[in-house]
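Here's a quick briefing to read with the model open beside you. Start with the strands, then work towards the core and the odd backbone angles.

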Amino acid sequence: MKLKVEALSNKEKDFIDFDLEENISSLNYYGVDYNLISPIHISGRISRAGRNYFVKSTVDLTVESSCSRCLVDVSCPIKYNIDAYLMREEYDEGDYEDYDVFRVDGSEIDFMKIVNSTLSFNMPQRILCSEDCQGICSGCGVDLNFEECKCDAPVDTDDIDPRFAKLKELLK
Ligand SMILES: [Zn+2]
Ligand SMILES: [Zn+2]
C-alpha cells in the first residue's frame, strides 16, 4: 500500500489519484479477532499543500466475526473516510484540530500505516447478526432465534435416570 509521490514534491503534478489494496488475513482490536474476507482497499486523491500533502480518501473492507449475542459468524462491511494532512514538516497540532494529521517522510507514502491508525476507531462497537438477535439463553443454552427457551419446560419423565425410577414409584 505504498504510493510514490515524487511527482508532487517536485511539482510535476498538483495531485495524484490512487487506488490501492492489501490482503491481510486478520485484525485484532480490543481483544476481538476479526477475519478479513476482503482486501483492505483505499482510494482517493492526494494533493500538494505547500511542502506537505492533503489526502481525501475512502477506506473499505469486510470483516467477519461472531455475533456478540448468538456467536454465529457475521460478515460486516466497513467503510469510512480519511481526510488528513500528511506532514513533511514540523507542525502545531492546534492548527489542524479538524483533521487527522500524520507525519510522513521521503517520497513514498505507506497508506497501510495510516489505515492502521484509523481502523480501531472505525471498527463496529459490537457485531450483531441482526439488531433483534435474541441471543443464547444463559440458562438452557438454546439459540433463542431458532428454539424456545427450555428453562421452565417440564422434565420429560421418560428421560429420568433409571436410578431414580424406583424413587418415582415410591412417590406415586
Ligand atoms: Zn446473533
Ligand atoms: Zn433457557
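How many bridges join strand 2 to strand 5, and do the two run parallel or antiparallel? There are 8 bridges between them, and the strands run antiparallel. Keep in mind that this is a predicted model, with a mean pLDDT of 89 for the protein chain.

**Confidence**
- In the protein chain, 90% of the residues reach a pLDDT of 70 or more.
- Helix 3 (residues 162-171) has the lowest mean pLDDT among the elements, at 63.
- At the other end of the scale sits strand 2 (residues 15-22), whose mean of 97 is the highest.

**Overall layout**
- The protein chain holds 9 strands and 3 helices.
- Going along the sequence, you'd read the pattern as β-α-β-β-β-β-β-β-β-β-α-α.
- Of the 172 residues in the protein chain, 13% are buried.
- Take the contacts between residues at least 6 apart in sequence: 50% of them join residues at least 24 apart.

**Strand pairing**
- For a handle on the pairing of strands 2 and 5, look at D19: its bridge partner in strand 5 is S43.
- Strand 5 (residues 40-49) also pairs with strand 6 (residues 52-66), again in the antiparallel sense, and this time over 9 bridges.
- One spot to check there is R48, which stands opposite Y53 in strand 6.
- Strands 5 and 6 make a hairpin with 2 residues between them.
- G50 lies in the turn of that hairpin and has a positive phi of about 65°.

**The largest nonpolar core**
- This core has 19 residues, and V5, I46, Y53, V55 and V115 are those with the most contacts inside it.
- Strand 5, strand 6, strand 7 (73-87) and helix 2 are the elements that each give two or more residues to the core.
- Strand 6 gives the most, with 5 residues.
- As a general rule, nonpolar side chains in soluble globular proteins tend to be buried together.
- What does V5 touch, leaving aside its neighbours within four places in sequence? V5 is in contact with I16, I46, Y53, S107, E108 and I109, and I46 and Y53 also appear with V5 among the core residues with the most contacts.

**Helix 2**
- Helix 2 covers residues 111-122, so to speak a run of 12 residues.
- From first C-alpha to last, helix 2 reaches 16 Å, close to the 16 Å expected at 1.5 Å a residue.
- F111, I114 and V115 are buried in helix 2.
- These three are on the same side of helix 2 because they cover an arc of only 95° around the axis.
- The general background is that an α-helix has 3.6 residues a turn, so residues three or four places apart point the same way.

**Unusual phi values**
- Most residues other than glycine have a negative phi, which makes the next two worth a look.
- K11 is not a glycine, yet its phi is positive, near 65°.
- You'll find K11 in the loop between helix 1 (6-9) and strand 2.
- Is K11 buried or exposed? K11 is exposed, because just 8 other C-beta atoms lie within 10 Å.
- L71 is the other case: this residue isn't a glycine either, and its positive phi is about 70°.
- L71 sits in the loop between strand 6 and strand 7.
- With 13 other C-beta atoms within 10 Å, L71 counts as partly exposed.

Notes
Residues are numbered from 1 along each chain as its sequence is written. Chains are lettered from A and ligands numbered from 1 in the order in which they are written. This is a predicted model: local features need pLDDT of at least 70, side-chain atom pairs count only at pLDDT 80 or more; totals for chains, interfaces and linings use all residues. Helices (H or I, at least four residues) and strands (E, at least two) are DSSP runs, numbered from the N terminus. The expected span of a helix is 1.5 Å times one less than its number of residues. A residue is buried if 20 or more other C-beta atoms lie within 10 Å of its own, exposed if 12 or fewer, and partly exposed in between; C-beta atoms are placed from the backbone. The arc is that of the directions from the helix axis to the C-beta atoms. pLDDT is the predictor's confidence in each residue, from 0 to 100. Two residues are in contact if their C-beta atoms, placed from the backbone, lie within 7 Å. Two strands pair if DSSP finds at least two bridges between them. A nonpolar core is a set of buried Ala, Val, Leu, Ile, Met, Phe, Trp, Tyr and Cys residues joined through C-beta atoms within 7 Å.
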